[in-house]
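Colleague: Could you take me slowly through a single part of this structure, and then through the empty space enclosed elsewhere in it?

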Amino acid sequence: MSGICGLVDLRDEPNPTENLYRLLSQLERQGPEGTHTWICSHAALGHTLLATTPEALVEILPREDKSSGCVITADARLDNREDLALHLGLNLQQQLIGDGELILQAYLQWGEDCPKHLLGDFAFAIWDREKSRLFAARDQIGQRQLFFGRTIAGGLVFASEAKAIRSIDPKFFKTSLPRIADFLEDLEAIDQNCTFFENISRLPPAHRICFDASGLKLERYWTMEAGPELVLPSNEAYAEAFLDVFKEAVRCRLRAVGPVGSMLSGGMDSSSIVAVASQLLLEAGSEPLMTFSGVGPDPEKCDETRSVAAAAQIPDIQPFEIDYSNLGEIQRQLTTGLENLEEPFDGQMSLVRSVYSKAAMNKCKVVFDGGGADLLFLGGDAAMLLARRGEFVKLFRHAKAKRAFKGYGPGAWRVVAHCIWQLYAPSSLRHWRKGIVDTRRRVAKAPPESLVGAPLAARVGMTERRQRYQDRVPKVEGRAGLRVSLLLDPALAVGGERYDRIARSLAVEPRNPFLDLRVIAFCLSLPADQLESEGWTKVILRRAMKGSLPDEVCWRFGNSHLGGHFIQASLSEWEGWRHHDDVISRLGEGSDRICEVLARGQRRKGHLTENEVRAIFLNLWMRTL
């Protein structure tokens with residue numbers, strides 16, 4: 001995972017290189033293995049290298065195609081290299097071709113449609129000298145990040161980090177008060193564009209931009225759609241078909257330099273990755289898969305710690321554990337992370353930072369994770385499928401088992417009644433009731449203990465932002481429409497971006513096989529009873545991994561999480577956050593409540609409240625500005 005950046009200035013007397021090295025200096029920690037630039041009269045591109053694939057070891061970016069004059073800088077790992085080379089008339093057996101070069105050749109072949117032909121994780125920018133145009137794109141799911149902004153002189157600047165862009169003109173790219181309010185009320189996923197700085201935007205997943213003399217154009221190049229429903233003869237056939245697709249997604253992500261690692265939480269997602277990846281590495285004669293887990297001091301009181309212990313019995317792995325009650329050398333990395341937060345939200349990632357820190361200490365530059373996998377297996381509505389079949393006894397048992405598995409949710413009789421209502425109530429009556437329910441739900445209220453007081457809420461339009469957050473998920477009609485909607489929720493992208501930012505800061509590249517386009521397409525093709533059955537979620541994954549995972553993992557009840565413990569532990573071991581300063585008062589009117597809660601947290605000994613933690617992280621982030 002490398003850092004990319006650049007500036008374009010189309011004025012008669014441009015000076016686009018003036019700030020290039022300032023951008024690069026901000027990105028070198030995530031790309032510590034080499035910095036390169038390419039400069040011409042109207043454009044300057046930069047690249048900081050973290051070589052995580054064999055091709056990246058020899059490819060120098062930015063790279064210019066001499067015949068066309070087009071230049072690319074890219075942060076990419078492509079999974080369809082062979083297919084791309086075949087279509088482009090290139091022979092990968094005769095020459096070592098990097099992913100950046102493949103993307104550049106794809107652009108020369110297909111122009112602005114080239115991202116549609118790419119499979120993998122990527123963010124790239126191409127300066128087309130002949131057309132005096134910058135073209136940039138981000139992968140379909142948003143596994144790599146790209147930020148951009150118009151400069152005060154009318155040019156364009158882009159980079160892998162928003163803070164890097166801000167560094168060239170802090171007064172113009174000043175702090176975004178509405179986004180700070182989003183943080184204080186946990187509205188992180190309000191959209192896929194906003195950042196913590198004015199005039200800087202995220203490039204959303206599956207989008208591209210073009211910048212030339214006519215201005216800046218932003219558009220979507222790919223839309224997620226569900227294909228026809230997959231019909232197979234048995235549950236076993238579905239499980240085998242899923243495993244074939246999943247194995248290929250894992251195999252593609254094993255293309256790496258040095259040892260490969262994986263998070264291992266003891267849940268189905270990370271454990272499935274570990275089981276498949278470890279077997280593939282064994283078959284290839286490679287080093288064992290390293291696994292990294294956060295645990296607690298007492299397995300008897302923590303089901304996640306017990307599940308990690310069970311998952312660690314997967315053959316042919318090299319497990320490492322981080323105990324939040326004894327962080328040891330990890331604490332130094334946690335402290336450094338808190339002192340250099342890229343976003344306030346990142347303070348909540350102490351467990352993830354611990355895992356990536358341990359991986360980096362073991363010279364592991366590639367780490368698998370299963371973040372967001374839950375969304376692949378939701379939205380099947382197995383209850384309605386049983387109701388349509390008239391299998392109401394099975395429906396009751398399913399609803400009862402699901403409530404027992406989750407530990408919360410509506411009772412079985414209520415689920416049955418809801419399904420009967422949906423199936424047999426007159427449509428006019430259902431629409432009337434739905435209108436009343438929707439109206440009630442659309443009243444966006446502040447949390448009872450919100451840090452956003454009335455003066456600040458008025459300044460940022462908080463009521464409208466709360467409503468935008470509630471309405472953020474697009475409604476998709478048709479078969480599997482609910483599942484598509486869930487995957488289009490901005491929460492999927494912003495969650496991955498958090499992992500990405502933490503990993504980048506430690507020169508680690510995260511890879512997630514569950515968010516492979518082929519895995520997503522397969523899951524969208526599944527009938528509902530392959531997603532949920534007899535109360536169990538992710539049933540196809542559980543069936544596919546039967547025999548490869550211990551039963552304690554495969555059929556695990558409960559879903560505790562140790563993230564909060566790691567946050568509290570990281571703060572209790574470092575007193576530097578307690579010293580008084582006045583940075584939050586810079587927010588002006590409405591900051592009194594935040595300052596009051598911060599002061600209370602700084603005085604507190606012992607467990608911090610959620611709002612105190614939020615105020616602390618905001619304060620730490622504002623110290624870095």
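Modeller: The expected span of a helix is 1.5 Å times one less than its number of residues. Please keep in mind that this is a predicted model. Helix 18 covers residues 490-505, which is 16 residues, and from its first C-alpha to its last it reaches 23 Å, close to the 22 Å expected at 1.5 Å a residue. Buried means under 20% relative accessible area, and in helix 18 the residues in that class are P490, L492, A493, V494, E497, R498, D500, R501, I502, A503 and R504. After helix 18 comes A507, and the phi of A507 is positive, near 55°.

Turning to the enclosed space, the structure holds 6 cavities of 30 Å³ or more, and the largest cavity contains about 190 Å³ of space. Its lining is made of 20 residues, of which S2, A56, E59, A74 and A76 are the closest to the centre. Strand 5 (70-78) and helix 3 (99-110) each supply at least two residues of that lining, and the largest share, 4 residues, comes from strand 5. Sorted by class, the lining of the largest cavity has 7 nonpolar, 6 polar and 7 charged residues.

The second largest cavity holds about 70 Å³ of space, and the residues that line it include D79, L119, D139, R253 and L517. In the lining of the second largest cavity, 4 residues are nonpolar, 3 are polar and 5 are charged.

How values were computed: Residues are numbered from 1 along each chain as its sequence is written. This is a predicted model: local features need pLDDT of at least 70, side-chain atom pairs count only at pLDDT 80 or more; totals for chains, interfaces and linings use all residues. Side-chain values use heavy atoms; hydrogens and water are left out. On a 1 Å grid over the protein atoms alone, a cavity is a set of points where a 1.4 Å probe fits but cannot get out, and a pocket is an open set with protein on both sides within 12 Å along at least five of seven lines; lining residues have an atom within 4 Å of a point. Grid points are joined across faces, edges and corners, and a volume is the space filled by probe spheres set on the points. Ala, Val, Leu, Ile, Met, Phe, Trp, Tyr, Cys and Pro count as nonpolar, Asp, Glu, Lys and Arg as charged, and the others, Gly among them, as polar. Buried means under 20% relative accessible area, exposed over 50%, partly exposed in between (1.4 Å probe, protein chains only).
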